[in-house]
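Here's a model to load into your viewer. Let's walk through it piece by piece, from the backbone scaffold to a few individual side chains.

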Amino acid sequence: MKQFLIYTAKILLVIIIVAVILDGIYTAIFMQSENRGKVETVFNSKNQKYDVVFLGTSRANNHFVAQMFEDKGLRTFNYGMSGGHLFETSLLLKLMIERKYKIKNIILEADLSLANDQESEGISAKFLPYIHNSEVIKDHFSKEENFNELYYIPFYRYIKYETKIGFREAFYTAVHKNINALDNLGYYPLQKHKDGNMKNNIVDLNPLPHNKYYEEIKNICKANNINLITIMTPMCENVVGMNYFDKVKKAYPEILNYENVVIENKYFASCGHMNDAGAKIFTARILKDFFNK
């Protein structure tokens with residue numbers, strides 16, 4: 001029995017040592033990443049200066065054409081994250097502030113995302129390689145149920161989110177394989193597809209009366225003298241339940257409703273996402289309304 005316990009202890013010790021080593025290797029790789037995605041780019045940069053930064057979900061990533069702002073002499077980048085929620089948007093902004101970014105204006109897409117305050121595991125995982133190297137990332141995740149496992153168990157986060165930050169992503173990061181997330185100043189143009197979903201029902205969707213991550217974003221902007229412009233972006237003409245946007249306006253009067261600026265189906269790749277032509281019409285309107293001078 002004694003020999004069995006000693007043998008078991010040795011195996012556990014080896015597993016722990018291997019996990020610590022692998023954790024260190026993976027983390028070191030991600031700490032050097034600057035061209036794989038928006039989270040990595042922000043973490044591994046500092047002292048950036050922007051006239052305009054776009055934040056939000058895919059409805060920011062696909063709707064704000066950053067180059068049109070650049071053409072007006074405004075240094076701009078679209079940091080919208082497809083698949084993300086306000087949980088990740090707030091954290092990305094916190095990381096920018098931690099990295100000493102100087103931002104004059106933030107245009108935040110906040111409409112459908114106001115209906116929840118949960119993390120999007122696939123996107124939030126992108127922050128986890130840096131959880132031991134950033135106080136704001138550590139603090140942001142500290143309120144999550146699985147924080148102790150993520151923070152204290154070596155290599156656990158890389159195993160749990162293997163499809164996002166596992167071996168494949170670590171390898172591509174190590175060999176500096178680029179992806180298109182940073183192309184077009186962060187804007188991702190969509191094209192019209194015949195199989196695009198042009199129907200949507202949001203009748204049962206309701207904004208939270210107090211979305212804590214949206215409130216965090218507002219407080220961060222106020223504390224850092226950033227002009228925050230929060231916008232609801234368009235949906236196609238087939239949507240059922242468009243009174244959701246009225247609900248948002250009632251709960252958050254400061255949010256500007258631009259959902260009807262573009263409505264024709266020909267300007268959408270799917271019911272919730274404009275194609276490139278629609279995004280350019282929409283972006284031109286935003287430029288005119290807020291940056292014409």
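What follows is a tour of the sheet, the core, the salt bridges, the disulfide and a couple of single residues.

Some ground rules before we start. This is a predicted model, so local features need pLDDT of at least 70 and side-chain atom pairs count only at pLDDT 80 or more, while totals for chains, interfaces and linings use all residues. Residues are numbered from 1 along each chain as its sequence is written, and side-chain values use heavy atoms, with hydrogens and water left out.

Let's begin with the sheet. Strands of a sheet pair through backbone hydrogen bonds, either parallel or antiparallel. Here five strands make an open sheet, ordered β2-β1-β3-β4-β5, and the pairing is parallel. At the edges sit β2 (76-78) and β5 (256-257), each pairing on one side only. Strands and helices are DSSP runs numbered from the N terminus (E of at least two residues for strands, H or I of at least four for helices), and two strands pair if DSSP finds at least two bridges between them. Between β1 (residues 49-55) and β2 there are three bridges, in the parallel sense. For a spot to click on, try valine 53, which stands opposite phenylalanine 77 in β2.

Now look at what lies across those strands. Helix α5 (residues 86-98) crosses β1 and β3 (102-109), running at about 170° to β1. That angle is taken between N-to-C directions on a scale from 0 to 180 degrees, with axes fitted as lines to C-alpha atoms, for helices over the stretch in contact.

Helix α5 turns up again in the nonpolar interior. In soluble globular proteins, nonpolar side chains tend to be buried together. The largest nonpolar core in this model has 79 residues, and those with the most contacts inside it are Tyr79, Met96 and Ile107. The biggest contribution to this core comes from α5, with seven residues. A core here is a set of buried Ala, Val, Leu, Ile, Met, Phe, Trp, Tyr and Cys residues joined through side-chain atoms within 4.5 Å. "Buried" means under 20% relative accessible area, "exposed" over 50%, and "partly exposed" in between (1.4 Å probe, protein chains only). What does isoleucine 107 touch, leaving aside its neighbours within four places in sequence? Its contacts (heavy atoms within 4.5 Å) include Val52, Val53, Phe54 and Leu55, and also Ile229, Ile231 and Phe291.

On to the charged pairs. Side chains of opposite charge can pair when their charged atoms come close. The model holds 11 salt bridges, where a salt bridge is a side-chain nitrogen of Lys or Arg within 4 Å of a carboxyl oxygen of Asp or Glu. Take glutamate 169 and arginine 36, whose side chains meet at 2.9 Å, N to O. Glutamate 169 belongs to helix α11 (residues 167-174) and arginine 36 to the loop between α1 (2-31) and α2 (38-43), so this pair ties together parts that are 133 residues apart in sequence. Both glutamate 169 and arginine 36 are buried.

Another pair joins arginine 59 to aspartate 111, with the closest N and O atoms 3.1 Å apart. Because arginine 59 lies in helix α3 (residues 58-61) and aspartate 111 in the loop between β3 and α6 (121-124), this bridge links parts 52 residues apart in sequence. Arginine 59 and aspartate 111 are both buried.

Helix α5 has a salt bridge too: lysine 94 meets glutamate 216 at 3.1 Å, N to O. Glutamate 216 is in helix α12 (residues 212-223) and lysine 94 in helix α5, so parts 122 residues apart in sequence are tied together. Glutamate 216 is partly exposed at 22% relative accessibility, whereas lysine 94 is buried at 16%.

How many disulfides does a search of the whole structure find? There is one, a disulfide being a pair of cysteine sulfur atoms within 2.5 Å. Cysteine 236 and cysteine 271 form it, with their sulfur atoms 1.8 Å apart. The torsion about their S-S bond is about -45°, so the disulfide is left-handed. Cysteine 236 is buried at 2% relative accessible area, and cysteine 271 is buried at 2%.

Last stop: lysine 280, in helix α14 (residues 276-291). Lysine 280 is partly exposed, with a relative accessible area of 40%. Beyond its neighbours within four places in sequence, lysine 280 contacts Val65 and Met68.
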